[in-house]
Amino acid sequence: MLPQFNVLSRLVSGCLAALLVVTLLAGGEAQALKLDETFASASESYLSSVLKDYAKESQDTYGSSLKKAQKLVNGLAEDLEEAADPDVKASDRASILTSINQSETALADLAVAFNDLATDTEAFDSQLQASVEDLLQRVKGDVRTQLSQNEDNFKAIAAALTNLATNAAQADEENLSTLLGGVSENITSLNTAFDLGSKALKALKQ
């Protein structure tokens, strides 16, 4: 076999190996879902996770404060009705009113507890917003750069394959030797593009 064909054979072997890597990296679940479905699924998973943490941290405080509030409000309503009863003794009314007055502290403390929950919720909302904005900055920055590089690599692969298609269409008995150099050059370009594409895709998976 001519040396030129030995070189071409090695180039083709490298080309096929790189193609296999790209196929494996781009395959699997990534091909099974459309991009918008993938993003939607990831967004829902992320929100579900962070909201679950928020709910878990808030639930105990809310539940405990709610029970206290219900008990105090119900007791206050009963005491007020009883104190307003014209038939109640004056001494009993005075005692009930004292009890009503003393409930002020407990009610005020509960109001503080619910205000604290509101403050915590506002802080959580701000942190969530900051997290989303940080993700957006990453998409606009490093991630976008990587995707742009992938776009360039894929275009380079497509161009090399287009050139090889042209070479294949032009091949005949008279121009085989001349065509061989162009084919080798295009396969070298293809191998380079495959290598860059594989590395870029691996970087995105890290």
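Start by selecting Ser184 in this predicted model. Ser184 sits in helix 5. Is Ser184 buried or exposed? Its relative accessibility is 15%, so it counts as buried, because the cut-off for buried is under 20%. Now add Leu164 to your selection: the C-alpha atoms of Ser184 and Leu164 are 9.3 Å apart, although their positions lie 20 residues apart along the chain.

Keep Leu164 selected, since it belongs to the next stop. Pick Ile157, Ala160, Leu164, Leu179, Val183, Ile187, Leu190, Ala193 and Phe194, and you have the largest nonpolar core, made of nine residues. Which elements give two or more residues to this core? They are helix 4 and helix 5, the latter running over 176–205. Helix 5 supplies the largest share, six residues. For a closer look, click on Ile157: apart from neighbours within four places in sequence, Ile157 is in contact with Leu190, Ala193 and Phe194.

Next, show the whole of helix 4, residues 90–170. With 81 residues at 1.5 Å each, helix 4 should span 120 Å, and its end C-alpha atoms are 114 Å apart, so the two values agree. Scroll along and stop at Val143. What is centred on Val143 in helix 4? You'll find a kink of about 50 degrees there.

Stay on helix 4 and move to Phe114, then bring in Tyr62. Searching the whole structure turns up one aromatic pair, and Tyr62 and Phe114 form it. The arrangement is edge-to-face, with 6.0 Å from centre to centre and 85 degrees between the planes. Where in the chain do the partners come from? Tyr62 is in helix 3 (residues 35–84) and Phe114 is in helix 4, 52 residues apart, so the pair links distant parts of the chain. Turn on a surface and check each ring's residue: Tyr62 has 37% relative accessibility and counts as partly exposed, and Phe114, with a relative accessible area of 30%, is partly exposed too.

Last stop: Ser65, also a helix 3 residue. Ser65 counts as buried, with a relative accessibility of 7%. What is Ser65 in contact with, leaving aside neighbours within four places in sequence? Select Leu110, Ala113 and Phe114 to see those contacts. Phe114 is a residue you've already met, as the partner of Tyr62 in the aromatic pair.

Technical notes: Residues numbered from 1 in each chain as written. Predicted model: local features only at pLDDT ≥ 70, side-chain atom pairs only at ≥ 80, totals over all residues. Heavy atoms only, no water. Helix = DSSP H or I, 4+ residues; strand = E, 2+ residues; numbered from the N terminus. Expected span 1.5 Å × (residues − 1). Bend = angle between axes of the 7 residues up to and from the residue. Core = buried A, V, L, I, M, F, W, Y, C linked by side-chain atoms within 4.5 Å. Buried < 20%, exposed > 50% of the residue type's maximum accessible area, 1.4 Å probe, protein only. Contact = heavy atoms within 4.5 Å. Phe/Tyr/Trp six-rings, centres within 6.5 Å; stacked < 30°, edge-to-face > 60°.
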